[in-house]
Amino acid sequence: MTSSISTLNKNKQRALIFQGGGALGAYEAGIFKALHDDFFEKDGNDNRALFDIVAGTSAGAINAVLLVNYVIQRGTWEGSADILMNFWKDVSTSTWYFENPFMEYWQDTAHFFRDQSNRMWQQFFEPVDEIYDKAREKWPLLPFYYYWPDKYGPLATAEVSRRYRSWFQFSQSPLGTPNVLSPAILQPDFRFFNPLNTLLRYDNSPMTEMILRHWKNKEDKAEPIKTTEGQPRLLIVAVDVQDATTVTFDSYPKEDGHLMSVYGDEDKVKHEIYYDKGIEMKHLLTTMSSHVRHKFPELNVKSTFPNDRTTVEDLRPFMDGFYLSNTPLREVLQAHRDYYDKVIKKGKDVPSLDIIIGDLYPTFQNGTPLDPDSINNRVQDVLFHDKSKYDEKSAILVSDYIGISKVLWNYVENKDKNAADQLKMEINKIIRSKDRKGDPRKFDDLINGRFTIDNLVRIEYGSNQHVNESDDISGKAFEFSAHTIKYLIEAGKRDTFKYKDGWKDWLI
């Protein structure tokens, strides 16, 4: 179905980027709900686009697919937040048996007494360590370092304990995580016959089925997503397992009219994936399948090797995009430029971008994690937090250089066209970089098609909290209890308005 909504602004566009994070995707649903409601409250025009580009990785890709599908099927952004609200509600599971006021009271009381005990023992051992030169940190006492009573750390609060029990139940249950994952599939170590080296893997078919229930048209079918200029653009990111390279699936066509993804090392190999029908579940599956999925999803890929000029077509395995690009800002910027510079071919008329990013893994956290779960949780934050700030700065810096180059070039052309032509010839001789096809770039390639990021807002989950005050656990990406999902949605709404000064003037 072709959407009647007009999403195109010739001078400026808006992009929404969703990170991956499993159950934390519900936080992004809350972000979008707040943006959606504020937009239509102020404007009320259902023929205007809320966003021109929606991009995502993993759980963020699920949100992006459901949103874009809603818009192209119904021809309006109004009401699109409901599809995310319904999806995250349906994918969650009630754990009412862990929501016990007596258990909460006991846990909070025990937490208080643990804090008092920690203080008492710390005061006791502080002079002991000084007298005996920190003997507990040396052999032979070192193996018992964490058994001393001042090293126990804080006890979990009632809410953290509830989340942990909920996650642990899902991970160990013979029923798996309802609507999300199968029961654990044990993969023993048959390579080294090490009984201690096993891997728990899962099948995410339950989540796939749940997505398909919400990804449908009026005929109740999951229609491939294929859009073009004037419609919302969908970008989702996965990783090629063998090349450790990101691949971006794009609902907009390339210059030859095909829907395709091109990636790889331009000097060694070029990979091409064609999907002219549109983005389907098999493409989404590549970006929502971590290394613990029972098998890597595969796609047919055409690979060309420039050195010996050979081409092969084969199935290649893919894995979750969050391993390399959990915040696909770079992919959005590249795809945006390529479309207008190579497909539309308007050169300098590439629309500038206003961008909102849903940031699920806090960059800043106060305090030092002490217990095993808090340490593992913080490691995940460090691995998957938003690393796109360098990309943002680089894009702005390059735009500034290009702007200066254009001013100087226009000045030289106006003064002496022959000198300008000679200068261009000399510049083209010293340009060393190549384009994605492996061909040498020219001066025009460097300055045409550039655009600016006018505004970029990151809406951050759990930023600047103290480690002992955070309700997060290391299994937060797989904690799909209804209580937590509801909390995350509300937190997303609340935090979006906390950052409103960053977007209120341009999201109109």
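At 28% relative accessibility, W121 counts as partly exposed, a label that here covers the range between buried (under 20% relative accessible area) and exposed (over 50%), computed with a 1.4 Å probe and protein chains only. The model in which this residue sits is predicted, so local features need pLDDT of at least 70 and side-chain atom pairs count only at pLDDT 80 or more, whereas totals for chains, interfaces and linings use all residues. Residues are numbered from 1 along each chain as its sequence is written, and side-chain values use heavy atoms, with hydrogens and water left out.

A pair of aromatic rings is described by the distance of the centres and the angle of the planes. Rings of Phe, Tyr and Trp (its six-membered ring) are paired when their centres lie within 6.5 Å, and the planes count as stacked under 30 degrees apart, as edge-to-face over 60 and as tilted for the rest. By this rule there are 25 aromatic pairs. In one of them W121 and F124 meet edge-to-face, with 5.7 Å from centre to centre and 85° between the planes. The two residues are 3 apart in helix α4 (residues 101-131), and are therefore separated by about one helical turn; helices are DSSP runs of H or I with at least four residues, strands are runs of E with at least two, and both are numbered from the N terminus. F124 is likewise partly exposed, at a relative accessible area of 46%. Another edge-to-face pair joins Y145 and Y146, with 5.0 Å between the centres and 85° between the planes; here Y145 is buried at 16%, while Y146 is exposed at 57%.

Ring pairs also link W121 and F124 with F125 and W148 into a cluster. Over the face of F125 lies R136, at 4.3 Å from the ring centre, where a charge sits over a ring if NZ of Lys or CZ of Arg is within 6 Å of the ring centre and within 35 degrees of the ring normal.

Charged side chains also meet one another, and the structure holds 31 salt bridges, each a side-chain nitrogen of Lys or Arg within 4 Å of a carboxyl oxygen of Asp or Glu. Among them is the bridge between K138 and D133, whose closest N and O atoms are 2.8 Å apart; K138 is partly exposed, with 40% relative accessibility. In K216 and D220 the corresponding distance is 3.5 Å, with K216 partly exposed at 34% and D220 exposed at 54%. Salt bridges that share partners join E159, R162, R163, R378, D381, D472, K476 and E479 into one network. Within this network, the side chains of E159 and R163 form a salt bridge of 2.8 Å, N to O, and both residues are buried. Because E159 and R163 are 4 residues apart in helix α5 (residues 158-172), about one helical turn separates them.

A polar setting of another kind surrounds S251, which lies in the loop between β6 (245-250) and β7 (260-263) and is buried, with a relative accessible area of 0%. Its side chain makes a polar contact of 2.7 Å with the side chain of T227, a contact being a pair of N or O atoms within 3.5 Å in which, within protein, one must be able to donate a hydrogen and the other to accept it, and residues adjacent in sequence count only if both atoms are side-chain atoms. A polar atom of the S251 side chain also lies 2.9 Å from the backbone nitrogen of L234.
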